[in-house]
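Got your viewer ready? Load the model, switch on a cartoon view, and we'll go from stop to stop, picking out residues along the way.

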Amino acid sequence: MLKPNLPQLDYEFFAPRRIRFGWGCRREVGTLAAALGTRAFVVSGSRTLAAGGALDEIEQSLRDAGVTPLRIANISREPEVADVDEAVATLRRHGIRAGDLVLAVGGGSAIDLAKAAAALATNSAGESVRDYLEGVGRGLKIRNAPLPLVAMPTTAGTGSEATKNSVISSYDPPFKKSLRSDQMVPKIVLVDPELTVGLPPAITAHTGMDAITQLIESYISRRSRPIPRALCWQGLELALPALVEAVENGESRPAREKMAHAALLSGMALANSGLGLAHGVAAALGVHCRVPHGLACAVMLPAALRANREVCRDDLARLGSLASGLKFASANAAADEFIDFIDELSMRIGIPRRLSEIGVSAGQIPDLVRSSHGNSLDGNPREISDAELERILKQML
Ligand SMILES: [Zn+2]
(Lines give C-alpha, C1' and ligand atoms only; values in the text may rest on other atoms or scores of the structure.)
Protein backbone atom coordinates (compact mmCIF):
# COMPACT_ATOMS: atom_id res chain seq x y z
CA MET A 1 0.00 0.00 0.00
CA LEU A 2 2.16 2.96 1.20
CA LYS A 3 5.74 3.25 -0.03
CA PRO A 4 8.40 2.81 2.72
CA ASN A 5 8.80 5.77 5.02
CA LEU A 6 12.58 6.28 4.96
CA PRO A 7 14.44 8.65 2.69
CA GLN A 8 18.03 7.98 1.62
CA LEU A 9 20.44 7.29 4.48
CA ASP A 10 23.13 9.68 3.29
CA TYR A 11 22.99 13.02 5.06
CA GLU A 12 24.42 15.80 7.18
CA PHE A 13 22.59 17.44 10.06
CA PHE A 14 23.06 20.88 11.62
CA ALA A 15 21.51 22.00 14.90
CA PRO A 16 22.19 24.47 17.72
CA ARG A 17 24.93 23.27 20.05
CA ARG A 18 22.78 23.51 23.16
CA ILE A 19 19.01 23.70 23.64
CA ARG A 20 17.25 24.48 26.90
CA PHE A 21 13.47 24.17 26.76
CA GLY A 22 11.12 24.65 29.69
CA TRP A 23 8.33 26.67 31.23
CA GLY A 24 9.94 29.61 33.09
CA CYS A 25 13.50 28.73 32.03
CA ARG A 26 14.17 32.30 30.81
CA ARG A 27 15.61 32.92 34.30
CA GLU A 28 18.52 30.63 33.41
CA VAL A 29 19.67 32.87 30.59
CA GLY A 30 22.44 34.49 32.66
CA THR A 31 24.11 31.19 33.51
CA LEU A 32 23.82 29.96 29.94
CA ALA A 33 25.12 33.21 28.41
CA ALA A 34 28.03 33.29 30.88
CA ALA A 35 29.30 30.10 29.24
CA LEU A 36 29.79 32.15 26.04
CA GLY A 37 31.04 35.52 27.24
CA THR A 38 30.84 38.54 29.52
CA ARG A 39 29.07 41.21 27.44
CA ALA A 40 25.77 40.66 25.60
CA PHE A 41 24.49 42.88 22.79
CA VAL A 42 20.73 42.59 23.14
CA VAL A 43 18.34 42.65 20.16
CA SER A 44 14.68 42.54 21.10
CA GLY A 45 11.25 42.55 19.52
CA SER A 46 8.89 45.37 20.36
CA ARG A 47 6.42 43.14 22.20
CA THR A 48 9.17 41.81 24.46
CA LEU A 49 9.70 45.26 25.94
CA ALA A 50 6.01 45.66 26.58
CA ALA A 51 5.48 42.19 28.01
CA GLY A 52 5.35 42.72 31.76
CA GLY A 53 9.02 43.39 32.40
CA ALA A 54 10.27 40.18 30.77
CA LEU A 55 13.25 41.95 29.20
CA ASP A 56 14.24 43.59 32.49
CA GLU A 57 14.07 40.21 34.18
CA ILE A 58 16.26 38.66 31.47
CA GLU A 59 18.82 41.47 31.74
CA GLN A 60 18.92 41.10 35.52
CA SER A 61 19.63 37.39 35.11
CA LEU A 62 22.56 38.33 32.86
CA ARG A 63 23.98 40.81 35.38
CA ASP A 64 23.62 38.31 38.21
CA ALA A 65 25.79 35.92 36.19
CA GLY A 66 28.43 38.56 35.43
CA VAL A 67 27.30 39.33 31.87
CA THR A 68 26.78 43.01 31.00
CA PRO A 69 23.75 43.61 28.75
CA LEU A 70 23.81 46.37 26.12
CA ARG A 71 20.62 47.02 24.16
CA ILE A 72 21.53 47.67 20.53
CA ALA A 73 18.27 47.25 18.60
CA ASN A 74 14.55 46.80 18.92
CA ILE A 75 12.46 45.75 15.94
CA SER A 76 8.71 45.62 15.37
CA ARG A 77 8.60 44.34 11.76
CA GLU A 78 10.48 41.95 9.49
CA PRO A 79 14.06 43.28 9.22
CA GLU A 80 15.15 45.33 6.22
CA VAL A 81 18.63 45.98 4.84
CA ALA A 82 18.88 49.34 6.64
CA ASP A 83 17.89 47.78 9.99
CA VAL A 84 20.76 45.31 9.78
CA ASP A 85 23.29 47.91 8.66
CA GLU A 86 22.25 50.17 11.53
CA ALA A 87 22.47 47.39 14.13
CA VAL A 88 25.93 46.41 12.86
CA ALA A 89 27.11 50.03 12.99
CA THR A 90 25.83 50.40 16.57
CA LEU A 91 27.51 47.18 17.57
CA ARG A 92 30.84 48.20 16.03
CA ARG A 93 30.69 51.61 17.74
CA HIS A 94 30.93 49.78 21.05
CA GLY A 95 34.16 48.15 19.86
CA ILE A 96 34.02 44.38 19.53
CA ARG A 97 36.22 42.47 21.94
CA ALA A 98 36.78 38.97 23.27
CA GLY A 99 33.88 37.79 25.41
CA ASP A 100 31.19 39.53 23.35
CA LEU A 101 28.01 37.71 22.43
CA VAL A 102 24.61 38.59 20.98
CA LEU A 103 21.33 37.83 22.71
CA ALA A 104 18.10 37.80 20.69
CA VAL A 105 14.81 38.01 22.59
CA GLY A 106 11.76 38.23 20.36
CA GLY A 107 9.94 36.73 17.40
CA GLY A 108 11.53 35.66 14.13
CA SER A 109 12.18 39.28 13.16
CA ALA A 110 14.32 40.03 16.21
CA ILE A 111 16.17 36.72 15.95
CA ASP A 112 16.87 37.24 12.24
CA LEU A 113 18.15 40.76 12.89
CA ALA A 114 20.37 39.51 15.73
CA LYS A 115 21.70 36.66 13.62
CA ALA A 116 22.65 39.00 10.78
CA ALA A 117 24.23 41.53 13.16
CA ALA A 118 26.23 38.78 14.92
CA ALA A 119 27.55 37.54 11.57
CA LEU A 120 28.45 40.93 10.12
CA ALA A 121 30.04 42.16 13.35
CA THR A 122 33.01 39.95 12.52
CA ASN A 123 32.81 40.08 8.71
CA SER A 124 33.51 43.52 7.32
CA ALA A 125 34.45 42.94 3.67
CA GLY A 126 31.12 44.39 2.51
CA GLU A 127 29.57 47.80 3.00
CA SER A 128 26.07 46.48 3.66
CA VAL A 129 24.33 43.21 4.47
CA ARG A 130 23.08 43.38 0.91
CA ASP A 131 26.56 42.41 -0.35
CA TYR A 132 26.15 39.03 1.35
CA LEU A 133 22.53 38.20 0.47
CA GLU A 134 21.80 35.24 -1.79
CA GLY A 135 20.84 36.12 -5.33
CA VAL A 136 21.03 39.93 -5.05
CA GLY A 137 24.35 40.77 -3.44
CA ARG A 138 28.00 40.74 -4.46
CA GLY A 139 28.23 37.12 -3.39
CA LEU A 140 30.39 37.84 -0.34
CA LYS A 141 30.55 35.00 2.18
CA ILE A 142 30.56 34.83 5.98
CA ARG A 143 34.17 33.73 6.47
CA ASN A 144 34.91 34.59 10.10
CA ALA A 145 32.99 32.98 12.96
CA PRO A 146 30.08 35.26 13.96
CA LEU A 147 29.75 36.52 17.55
CA PRO A 148 28.16 33.67 19.52
CA LEU A 149 24.39 33.99 19.59
CA VAL A 150 21.86 33.08 22.26
CA ALA A 151 18.32 32.96 20.83
CA MET A 152 15.19 33.24 22.98
CA PRO A 153 12.01 33.08 20.88
CA THR A 154 8.89 34.83 22.20
CA THR A 155 6.60 33.51 19.47
CA ALA A 156 6.04 29.90 18.41
CA GLY A 157 6.44 30.01 14.66
CA THR A 158 9.44 30.74 12.47
CA GLY A 159 11.87 28.39 14.18
CA SER A 160 14.54 30.98 13.38
CA GLU A 161 16.16 30.12 16.71
CA ALA A 162 17.37 26.86 15.16
CA THR A 163 18.21 27.84 11.57
CA LYS A 164 21.38 29.00 9.83
CA ASN A 165 19.86 31.83 7.80
CA SER A 166 18.47 35.28 8.38
CA VAL A 167 15.72 36.58 6.08
CA ILE A 168 16.17 40.22 5.09
CA SER A 169 13.66 42.30 3.12
CA SER A 170 13.92 45.27 0.80
CA TYR A 171 11.01 47.10 -0.79
CA ASP A 172 12.95 49.26 -3.23
CA PRO A 173 14.17 47.28 -5.09
CA PRO A 174 11.77 44.55 -3.91
CA PHE A 175 13.36 41.36 -2.61
CA LYS A 176 13.31 39.07 0.38
CA LYS A 177 16.53 37.07 0.57
CA SER A 178 18.65 35.12 2.99
CA LEU A 179 21.98 35.73 4.58
CA ARG A 180 23.13 32.17 5.14
CA SER A 181 26.06 30.35 6.66
CA ASP A 182 26.48 27.10 8.57
CA GLN A 183 28.25 29.23 11.19
CA MET A 184 25.10 31.28 11.84
CA VAL A 185 23.22 28.57 13.76
CA PRO A 186 22.72 29.99 17.31
CA LYS A 187 25.10 28.49 19.87
CA ILE A 188 22.46 28.36 22.59
CA VAL A 189 18.69 28.25 22.19
CA LEU A 190 16.57 28.95 25.22
CA VAL A 191 12.87 28.34 24.69
CA ASP A 192 10.55 29.41 27.48
CA PRO A 193 6.99 28.78 26.28
CA GLU A 194 5.69 31.03 29.07
CA LEU A 195 7.00 33.98 27.03
CA THR A 196 4.35 33.22 24.37
CA VAL A 197 1.39 33.36 26.79
CA GLY A 198 0.56 37.01 26.07
CA LEU A 199 0.55 36.64 22.27
CA PRO A 200 -2.77 37.81 20.79
CA PRO A 201 -4.91 35.15 19.05
CA ALA A 202 -4.19 36.37 15.50
CA ILE A 203 -0.40 36.29 15.98
CA THR A 204 -0.68 32.89 17.67
CA ALA A 205 -2.66 31.65 14.66
CA HIS A 206 -0.32 33.05 12.01
CA THR A 207 2.94 32.03 13.67
CA GLY A 208 1.51 28.61 14.56
CA MET A 209 0.51 28.00 10.96
CA ASP A 210 4.01 29.05 9.90
CA ALA A 211 5.46 26.30 12.12
CA ILE A 212 2.94 23.76 10.79
CA THR A 213 3.67 24.77 7.18
CA GLN A 214 7.40 24.40 7.84
CA LEU A 215 6.93 20.95 9.35
CA ILE A 216 4.83 19.76 6.41
CA GLU A 217 6.97 21.32 3.67
CA SER A 218 10.15 20.02 5.25
CA TYR A 219 8.59 16.54 5.59
CA ILE A 220 7.69 16.33 1.90
CA SER A 221 10.58 18.42 0.52
CA ARG A 222 12.57 16.96 -2.36
CA ARG A 223 15.59 17.36 -0.06
CA SER A 224 13.90 15.68 2.91
CA ARG A 225 16.26 13.83 5.23
CA PRO A 226 15.83 11.11 7.88
CA ILE A 227 16.40 13.17 11.05
CA PRO A 228 14.26 16.13 9.95
CA ARG A 229 11.47 13.74 8.94
CA ALA A 230 11.42 12.30 12.45
CA LEU A 231 11.36 15.82 13.90
CA CYS A 232 8.53 16.85 11.56
CA TRP A 233 6.47 13.87 12.57
CA GLN A 234 6.73 14.67 16.26
CA GLY A 235 6.19 18.38 15.65
CA LEU A 236 2.99 17.74 13.70
CA GLU A 237 1.76 15.15 16.17
CA LEU A 238 1.93 17.85 18.86
CA ALA A 239 1.02 21.00 16.90
CA LEU A 240 -1.94 19.82 14.82
CA PRO A 241 -4.19 19.19 17.84
CA ALA A 242 -2.74 22.07 19.94
CA LEU A 243 -3.03 25.11 17.70
CA VAL A 244 -6.76 25.71 18.10
CA GLU A 245 -6.37 25.52 21.89
CA ALA A 246 -3.41 27.96 21.84
CA VAL A 247 -5.44 30.43 19.75
CA GLU A 248 -8.66 30.15 21.73
CA ASN A 249 -7.14 29.83 25.19
CA GLY A 250 -3.78 31.60 25.18
CA GLU A 251 -3.23 30.80 28.86
CA SER A 252 -3.16 27.04 28.20
CA ARG A 253 0.25 25.85 29.30
CA PRO A 254 0.12 22.48 27.45
CA ALA A 255 -0.94 24.18 24.19
CA ARG A 256 1.77 26.85 24.46
CA GLU A 257 4.41 24.22 25.29
CA LYS A 258 3.46 22.01 22.36
CA MET A 259 3.46 24.91 19.90
CA ALA A 260 6.82 26.25 21.12
CA HIS A 261 8.40 22.81 20.87
CA ALA A 262 6.90 22.19 17.42
CA ALA A 263 8.22 25.57 16.22
CA LEU A 264 11.72 24.72 17.44
CA LEU A 265 11.58 21.35 15.66
CA SER A 266 10.32 23.05 12.49
CA GLY A 267 13.40 25.29 12.50
CA MET A 268 15.77 22.35 12.90
CA ALA A 269 13.93 20.52 10.12
CA LEU A 270 13.80 23.33 7.57
CA ALA A 271 17.46 24.23 8.13
CA ASN A 272 18.37 20.75 6.94
CA SER A 273 15.64 19.86 4.44
CA GLY A 274 14.40 23.06 2.84
CA LEU A 275 10.79 24.06 2.23
CA GLY A 276 8.43 24.32 -0.72
CA LEU A 277 5.72 26.11 -2.66
CA ALA A 278 3.92 27.86 0.24
CA HIS A 279 7.15 29.41 1.50
CA GLY A 280 8.26 30.39 -2.00
CA VAL A 281 5.06 32.36 -2.58
CA ALA A 282 5.08 33.69 1.01
CA ALA A 283 8.36 35.49 0.36
CA ALA A 284 6.82 37.15 -2.72
CA LEU A 285 3.65 38.08 -0.79
CA GLY A 286 5.86 39.70 1.85
CA VAL A 287 7.79 41.80 -0.63
CA HIS A 288 5.01 42.90 -2.99
CA CYS A 289 1.97 42.96 -0.71
CA ARG A 290 3.57 43.29 2.74
CA VAL A 291 1.72 40.24 4.03
CA PRO A 292 3.31 39.04 7.32
CA HIS A 293 5.24 35.80 6.84
CA GLY A 294 3.10 33.47 8.94
CA LEU A 295 -0.17 34.69 7.47
CA ALA A 296 1.21 34.33 3.94
CA CYS A 297 2.28 30.72 4.61
CA ALA A 298 -1.07 29.90 6.18
CA VAL A 299 -3.04 31.25 3.22
CA MET A 300 -0.88 29.34 0.74
CA LEU A 301 -0.65 25.98 2.55
CA PRO A 302 -3.87 24.30 1.30
CA ALA A 303 -3.08 25.24 -2.33
CA ALA A 304 0.49 23.98 -1.93
CA LEU A 305 -0.77 20.64 -0.62
CA ARG A 306 -3.19 20.28 -3.54
CA ALA A 307 -0.42 21.10 -6.03
CA ASN A 308 1.77 18.35 -4.52
CA ARG A 309 -1.04 15.87 -3.85
CA GLU A 310 -0.11 13.44 -6.65
CA VAL A 311 3.66 13.26 -6.06
CA CYS A 312 3.38 13.19 -2.24
CA ARG A 313 0.29 11.09 -1.87
CA ASP A 314 1.80 8.51 0.48
CA ASP A 315 3.37 11.11 2.78
CA LEU A 316 0.14 13.09 2.91
CA ALA A 317 -1.71 9.83 3.60
CA ARG A 318 0.53 9.16 6.62
CA LEU A 319 -0.15 12.68 7.86
CA GLY A 320 -3.89 12.12 7.29
CA SER A 321 -3.80 9.16 9.67
CA LEU A 322 -1.67 11.12 12.15
CA ALA A 323 -4.02 14.12 12.13
CA SER A 324 -7.25 12.16 12.38
CA GLY A 325 -6.14 9.12 14.36
CA LEU A 326 -8.06 7.00 11.86
CA LYS A 327 -7.18 4.15 9.51
CA PHE A 328 -8.24 4.63 5.90
CA ALA A 329 -9.25 2.13 3.25
CA SER A 330 -6.99 3.78 0.68
CA ALA A 331 -3.99 6.13 0.53
CA ASN A 332 -6.01 8.47 -1.63
CA ALA A 333 -8.69 8.83 1.01
CA ALA A 334 -6.10 9.42 3.75
CA ALA A 335 -4.26 12.06 1.70
CA ASP A 336 -7.53 13.86 0.98
CA GLU A 337 -8.39 13.69 4.67
CA PHE A 338 -5.17 15.51 5.50
CA ILE A 339 -5.83 18.34 3.05
CA ASP A 340 -9.38 18.68 4.42
CA PHE A 341 -7.98 18.71 7.96
CA ILE A 342 -5.66 21.63 7.13
CA ASP A 343 -8.51 23.47 5.39
CA GLU A 344 -10.73 23.11 8.45
CA LEU A 345 -7.96 24.03 10.88
CA SER A 346 -7.26 27.22 8.90
CA MET A 347 -10.91 28.13 8.82
CA ARG A 348 -11.35 27.51 12.52
CA ILE A 349 -8.54 29.92 13.47
CA GLY A 350 -9.61 32.62 11.01
CA ILE A 351 -7.08 32.26 8.18
CA PRO A 352 -8.45 33.87 4.99
CA ARG A 353 -8.83 31.59 1.96
CA ARG A 354 -8.55 34.16 -0.81
CA LEU A 355 -5.58 36.30 -1.78
CA SER A 356 -7.88 39.30 -2.28
CA GLU A 357 -8.66 39.14 1.46
CA ILE A 358 -4.99 39.81 2.25
CA GLY A 359 -4.73 42.73 -0.15
CA VAL A 360 -3.54 41.04 -3.35
CA SER A 361 -4.83 42.36 -6.69
CA ALA A 362 -4.82 40.63 -10.09
CA GLY A 363 -2.24 43.12 -11.38
CA GLN A 364 0.30 41.92 -8.81
CA ILE A 365 0.26 38.28 -9.92
CA PRO A 366 3.07 38.57 -12.51
CA ASP A 367 5.35 40.12 -9.85
CA LEU A 368 4.36 37.43 -7.35
CA VAL A 369 5.17 34.67 -9.85
CA ARG A 370 8.56 36.20 -10.61
CA SER A 371 9.53 36.68 -6.96
CA SER A 372 8.34 33.25 -5.81
CA HIS A 373 11.25 31.47 -7.42
CA GLY A 374 14.46 30.98 -5.51
CA ASN A 375 15.38 29.21 -2.31
CA SER A 376 12.18 27.83 -0.79
CA LEU A 377 10.47 26.85 -4.03
CA ASP A 378 13.56 24.83 -5.01
CA GLY A 379 12.71 22.38 -2.22
CA ASN A 380 9.18 21.75 -3.51
CA PRO A 381 8.65 18.05 -4.30
CA ARG A 382 8.08 18.84 -7.97
CA GLU A 383 8.79 21.64 -10.44
CA ILE A 384 6.15 24.34 -10.60
CA SER A 385 6.23 26.29 -13.87
CA ASP A 386 5.46 30.00 -14.07
CA ALA A 387 2.26 29.22 -15.97
CA GLU A 388 1.08 26.78 -13.33
CA LEU A 389 1.92 29.15 -10.48
CA GLU A 390 0.03 31.92 -12.24
CA ARG A 391 -2.97 29.62 -12.58
CA ILE A 392 -2.83 28.65 -8.89
CA LEU A 393 -2.64 32.28 -7.75
CA LYS A 394 -5.41 33.44 -10.09
CA GLN A 395 -7.71 30.72 -8.77
CA MET A 396 -7.03 31.98 -5.25
CA LEU A 397 -7.85 35.64 -5.92
ZN1 LIG B 1 8.16 30.08 7.64
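Helices here are DSSP runs of H or I with at least four residues, numbered from the N terminus. Keep in mind that this is a predicted model.

**Stop one: Thr207**

Select Thr207, which belongs to helix α6. Is Thr207 buried or exposed? With 15% relative accessibility, and buried meaning under 20%, Thr207 counts as buried. Now show what surrounds it: leaving out residues up to four places away in sequence, Thr207 touches Thr155, Ala156 and Gly157.

**Stop two: an aromatic pair**

Stay with helix α6, which covers residues 201–220, and pick Tyr219 in it; then add Trp233 from helix α7, residues 226–248. The model has 1 aromatic pair, and you're looking at it: the ring centres of Tyr219 and Trp233 are 6.1 Å apart. What makes this pair tilted? Planes under 30 degrees apart would count as stacked and over 60 as edge-to-face; those of Tyr219 and Trp233 stand at 40°, so the pair is tilted. Since the two residues sit in separate helices, the pair ties together parts that are 14 residues apart in sequence.

Try a surface view too. Tyr219 is buried, at 2% relative accessible area, whereas Trp233 is partly exposed, at 29%.

Before you leave, add Arg229. Its charged end sits over the ring of Tyr219, 4.1 Å from the ring centre. For another arginine placed like this, jump to Arg290, which lies over the face of Tyr171 at 3.5 Å from the ring centre.

**Stop three: the nonpolar cores**

Arg290 leads us on to Leu285, since the two are in contact. Colour Leu285 and Ile212: of the 78 residues in the largest nonpolar core, these touch the most other members. Next, highlight helix α10, residues 293–308, which gives the most to this core, with 11 residues.

What does Leu285 touch, leaving aside its neighbours within four places in sequence? Its contacts include Val291, Ala296, Met300, Leu355 and Leu368. There is also a second, separate core of 33 residues, and Ala114, Leu133, Ile142 and Met184 are among them.

**Stop four: the cysteines**

How many disulfides are there? The count is 0. Select Cys289 and find the nearest cysteine sulfur: that of Cys297 is 14 Å away, while a disulfide would need the sulfurs within 2.5 Å. Cys289 is buried, with a relative accessible area of 15%. Have a look at Cys25 as well, which counts as buried at 1%.

**Stop five: Asn74**

Move to strand β3, residues 68–75, and pick Asn74. This residue is partly exposed, with a relative accessible area of 41%. Which partners does the side chain of Asn74 have? One is the side chain of Ser44, in a polar contact at 3.1 Å; the Asn74 side chain also reaches the backbone oxygen of Gly45, at 3.2 Å. If you want to try the distance tool, go from Asn74 to Glu59: they are 15 residues apart in sequence and 15 Å apart in space, C-alpha to C-alpha.

**Last stop: Lys187**

Finish in the loop between β7 (174–180) and β8 (188–191), where you'll find Lys187. Lys187 is partly exposed, with a relative accessible area of 24%. Not counting residues up to four places away in sequence, Lys187 touches Pro16, Arg17, Arg18, Leu36, Pro148 and Leu149. To see how Lys187 is placed relative to Ala278, draw a line between their C-alpha atoms: it spans 29 Å, with the two positions 91 residues apart in sequence numbering.

How values were computed: Residues are numbered from 1 along each chain as its sequence is written. This is a predicted model: local features need pLDDT of at least 70, side-chain atom pairs count only at pLDDT 80 or more; totals for chains, interfaces and linings use all residues. Side-chain values use heavy atoms; hydrogens and water are left out. Rings of Phe, Tyr and Trp (its six-membered ring) pair if their centres lie within 6.5 Å; planes under 30 degrees apart count as stacked, over 60 as edge-to-face and the rest as tilted. Buried means under 20% relative accessible area, exposed over 50%, partly exposed in between (1.4 Å probe, protein chains only). A charge sits over a ring if NZ of Lys or CZ of Arg is within 6 Å of the ring centre and within 35 degrees of the ring normal. A polar contact is a pair of N or O atoms within 3.5 Å; within protein, one must be able to donate a hydrogen and the other to accept it, and residues adjacent in sequence count only if both atoms are side-chain atoms. A nonpolar core is a set of buried Ala, Val, Leu, Ile, Met, Phe, Trp, Tyr and Cys residues joined through side-chain atoms within 4.5 Å. Contact means heavy atoms within 4.5 Å.
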